[in-house]
Amino acid sequence: MKKLSKLLLAVSFVVSLTTSAFAVTAVSWGGAYTESQKLGYGDPTAKKLGIEINWVDYSGGLSEIKAQKEAGKITWDIIDVFAMDTIIGCDEGLFVEFDFDKDFPAAPDGTPASEDFFTEMPSKCAVGNILYSWNYAYNVNNVKGTPKTIKDFFDTKKFPGKRAIYKGALTNLEIALAADGIKPGKGGANIYEALQTEKGVQRAMDKIKKLCTDPQGGCVFWSAGAQPPELLVSGEVVMATGWNGRFFNAEVGEGAPIKQVWDGQGLDYEYFVLVKGGPNEAKAKEALAMMTNTEMLAGSAKYIAYAPWRKSSLKVMEAGEPWYKDGKTNMVPQMPTAPANTKNFFLVDPIFWADNGTELGEKWEAMKAGL
Amino acid sequence: MSSETQQILTTDGIPLEVSLKKAERKNKIKAFLLVAPLLLFLIITYVFPIGDMLLRSVDDKMVTEMLPKTFKAMEKWDGHELPEEEVFEAFYHDYKLLVENKTFGKLATQLNYEKNGFTSILKILQRKIKRFEEGNYKEQIMAVHKRWADVEYWRALKRRAPSYTFSKYLKGVDMYKNEDGKIVSVPENRQIHKVLWVRTIEVAFFVTVFCFLMAYPIAHLLATLPMKYSNLLMICVLLPFWTSLLVRTASWMILLQQQGIVNDFFVWIGLVSDDNRPEMMYNKLGTYVAMTQILLPFMVLPLYSVMKTISPSLMRAGKSLGGTPFVAFWKVYFPLTIPGIGAGCLLVFILAIGYYITPALVGGASGTLISNQIAYHMKSTLDWSFASAMGLMLLSGVLVIYWLYNKIVGIDNIKLG
């Protein structure tokens with residue numbers, strides 16, 4: 001008996017030693033999003049590699065990882081960040097630079113990783129994880145006819161009623177120009193080019209102003225992601241811009257009478273980065289490569305309506321429809337990157353907004369003050 | 001000295017005066033020790049942060065120290081044409097050092113506050129600067145991006161030269177110092193802060209007026225009704241006071257929105273037609289209604305505590321001396337409640353001027369107040385020195401009102417309870 005307990009103790013000691021030595025810490029935004037990551041690819045990867053992946057919540061920004069590095073005790077391995085943070089962190093040497101095609105596996109059909117991903121990465125330290133959309137939705141009960149394009153969002157003659165738009169300038173200026181007849185071009189290049197000029201900005205502001213002061217239209221400004229579906233369902237507005245995951249939850253999860261329109265959508269992104277000198281860099285790199293392979297990335301879309309970065313993941317989903325966790329909803333049409341949804345779209349440009357955010361913000365507020 | 005002969009001594013032969021002083025000093029020390037924790041607390045949590053804010057709002061040493069050679073070379077530059085080669089050369093050396101030390105990110109952030117567009121051109125320069133050849137830096141830098149050939153960017157750079165600056169305060173009222181040292185307004189389509197200041201003061205003022213108009217009768221009732229009714233009324237005042245601010249704001253949204261309960265009721269009784277529902281939410285009206293309701297207890301309570309102490313016999317005396325009820329009220333009762341009015345108004349006004357969650361949620365396009373802007377610069381742009389400057393401007397505004405109040409009514413006349 002004594003021997004047995006000693007043996008058990010030794011075994012448990014060895015087990016605890018190995019697990020803690022191989023535990024990888026992944027940091028993300030928490031809530032339903034982290035849940036989808038954990039269930040979608042975190043746990044399956046951990047099981048396959050025989051390691052442990054711990055998920056930790058944070059609220060964005062690089063201040064924490066910077067502080068860890070300065071204190072000389074880094075505890076994070078993988079972080080889920082915005083585009084701008086991958087650029088800054090890469091410049092400051094916080095993150096590992098990837099050799100993209102070597103570090104990340106090719107698609108099942110042999111397409112190299114760099115071509116399988118939706119667009120180029122903003123820095124050498126980033127690997128794409130999900131894309132989400134700033135699209136718009138309408139309440140089917142309060143709109144006569146079917147809005148199909150971004151122009152319809154601004155068309156108060158055909159579709160009278162109030163609109164809800166984001167309180168800041170971000171993405172509003174882009175859709176205003178798209179609705180005003182500028183073809184977005186590759187990834188929205190034409191829109192951002194127009195916004196570099198005073199004239200283009202004015203044109204966008206005028207378009208918004210016209211919508212908001214139109215007696216047939218009018219604007220409500222939302223600030224929290226939960227508001228757009230809420231405003232639509234209560235009938236306060238007939239159309240609202242918002243995040244597609246929120247609309248999906250209201251539409252499919254709660255059966256609200258709303259429908260999404262993908263024309264003129266703005267794609268926004270999330271990335272993973274690997275911390276340089278993290279507690280478990282080698283294992284974390286291995287885990288990251290697996291988590292971002294075709295099948296694993298597709299896994300997260302079972303739980304949330306955000307799109308995996310890899311084009312090949314969509315094919316996996318297509319083959320496995322209905323893909324949503326409820327077992328009856330087809331997920332591919334809900335993906336911001338689905339071919340049917342990306343006929344007319346722009347990629348939100350982090351560098352443009354880092355550059356011009358404050359000045360455009362002032363102009364935006366000045367415009368709002370004159371409404 | 002004649003007094004010496006008359007000096008009173010205590011039993012142990014010490015002059016009374018000295019002995020008294022000794023005893024008093026002991027008491028003083030004791031009293032000081034008693035308040036010392038509070039004093040320390042105030043210094044740490046109040047005086048120190050405000051001092052820090054003040055310093056932060058004028059301190060611009062960081063940029064000055066990052067580009068020492070550039071600013072030295074810029075001293076001779078008049079700011080009209082593009083600067084000469086030596087400025088570019090100095091800038092090249094300064095910036096190269098920053099790139100090597102990996103601290104250029106901070107410079108980019110700071111300069112982008114001064115003029116938007118710096119982030120990307122500094123970033124591009126950072127990538128290319130390693131491959132620069134010696135000499136002719138002006139051309140090489142200008143070739144990196146066309147904005148480097150724009151004199152506006154160099155003017156913006158020069159504006160950051162002094163170690164201490166009041167430019168953030170100027171920015172707070174939509175002004176800046178141009179290259180000739182004159183203080184001018186920013187272009188009209190970017191003027192936002194002046195509008196917000198006016199709006200903030202306007203909202204705070206009207207909310208105070210509405211609170212006063214509503215609270216006065218309530219407080220009077222509370223003070224004069226029999227105990228069992230007044231207790232019930234008191235609970236009605238206090239219950240919302242204890243409810244979360246966000247809950248109350250959200251309830252107003254449900255009540256007043258176009259498809260809300262109040263509008264439904266109006267339609268049901270036929271007051272308005274269904275497709276012509278009045279807008280009572282997401283505009284100024286919504287802000288006034290919600291803020292007045294939320295701040296009402298802060299007016300009721302001081303008024304009540306003052307009215308409670310006014311003897312009912314005073315009004316009776318006024319009337320029996322021949323005054324009409326109005327005259328008796330105006331000449332006797334009202335002046336006695338002024339300390340309560342002063343306390344309530346000051347309280348409500350100061351709270352209202354710093355409010356931002358409620359106006360942001362219910363105010364729509366006109367719901368942005370100056371505190372929203374402060375929060376925006378604290379959290380989003382991370383321009384803390386500008387946020388500090390605006391915070392201090394708000395604080396000094398409140399102090400001015402306090403001073404005015406003291407001049408007109410007298411601060412010792414205030415009564416909170």
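Helix axes here are lines fitted to C-alpha atoms over the stretch in contact, and angles run from 0 to 180 degrees between N-to-C directions. With that in hand, welcome to the close-ups of this predicted model.

**Figure 1. Helices α10 and α16 of chain A cross at roughly 35°.** Here we look at α10(A), residues 198-213, and α16(A), residues 350-369, whose axes come within 11 Å. The crossing of this pair is right-handed. On the α10(A) side you will find A:Val201, A:Met205 and A:Lys209, and they meet A:Leu360, A:Lys363 and A:Met367 of α16(A). Sorted by character, the residues of this contact divide into 4 nonpolar and 2 charged, with no polar ones.

**Figure 2. Chain A meets chain B.** At this contact, 24 residues of chain A touch 22 residues of chain B. Three elements of chain A give two or more residues each to its side: α4 (83-91), β6 (219-222) and α16. The largest share comes from α16(A), with 12 residues. On the chain A side, the residues divide into 9 nonpolar, 6 polar and 9 charged. Readers coming from Figure 1 will recognise α16(A), the helix that also crosses α10(A).

**Figure 3. Helix α12 of chain A is mostly covered.** How many of the 10 residues in this helix (244-253) are buried? The count is 7, and they are A:Asn244, A:Gly245, A:Arg246, A:Phe247, A:Phe248, A:Ala250 and A:Glu251. Their cover includes the strands β4 (127-139), β7 (239-243) and β8 (258-274) of chain A, together with helix α11 (227-234) of chain A. Just after α12(A), look for A:Gly255, which takes a positive phi of about 70°.

**Figure 4. Two domains of chain A touch each other.** The domain assignment builds each domain from two stretches of chain A: domain 1 from 2-131 and 269-339, and domain 2 from 134-268 and 343-369. Taken over C-alpha atoms, their centres are 31 Å apart. Domain 1 of chain A gives 13 residues to the contact, and domain 2 of chain A gives 11. What is the make-up of the domain 1 side? Its residues divide into 10 nonpolar and 3 polar, with no charged ones.

**Figure 5. Chain A as the setting for the views above.** This chain has 16 helices and 10 strands. Its C-alpha trace spans about 85 × 45 × 40 Å along the principal axes. The radius of gyration of chain A is 23 Å, which agrees with the value near 21 Å for a compact globule of 371 residues. Of those 371 residues, 51% count as buried. Among contacts between residues at least 6 apart in the sequence of chain A, 72% join residues at least 24 apart.

**Figure 6. Chain B is more spread out than a compact globule.** Its secondary structure comes to 20 helices and 2 strands. Why call chain B spread out? Because its radius of gyration is 31 Å, well over the 22 Å that the globule rule gives for 417 residues. Along the principal axes, the C-alpha trace of chain B spans about 95 × 95 × 35 Å. In chain B, 31% of the 417 residues count as buried. Of the contacts in chain B with a separation of 6 or more, 66% are between residues 24 or more positions apart.

Key: Residues numbered from 1 in each chain as written. Chains lettered and ligands numbered in written order. Predicted model: local features only at pLDDT ≥ 70, side-chain atom pairs only at ≥ 80, totals over all residues. Helix = DSSP H or I, 4+ residues; strand = E, 2+ residues; numbered from the N terminus. Rg over C-alpha atoms; globule rule 2.2 N^0.38 Å. Buried ≥ 20, exposed ≤ 12 C-beta atoms within 10 Å, placed from the backbone. Contact = placed C-beta atoms within 7 Å. Left-handed = near helix turned anticlockwise from the far one by under 90°. Nonpolar A, V, L, I, M, F, W, Y, C, P; charged D, E, K, R; others polar. Domains from an automatic or database assignment.
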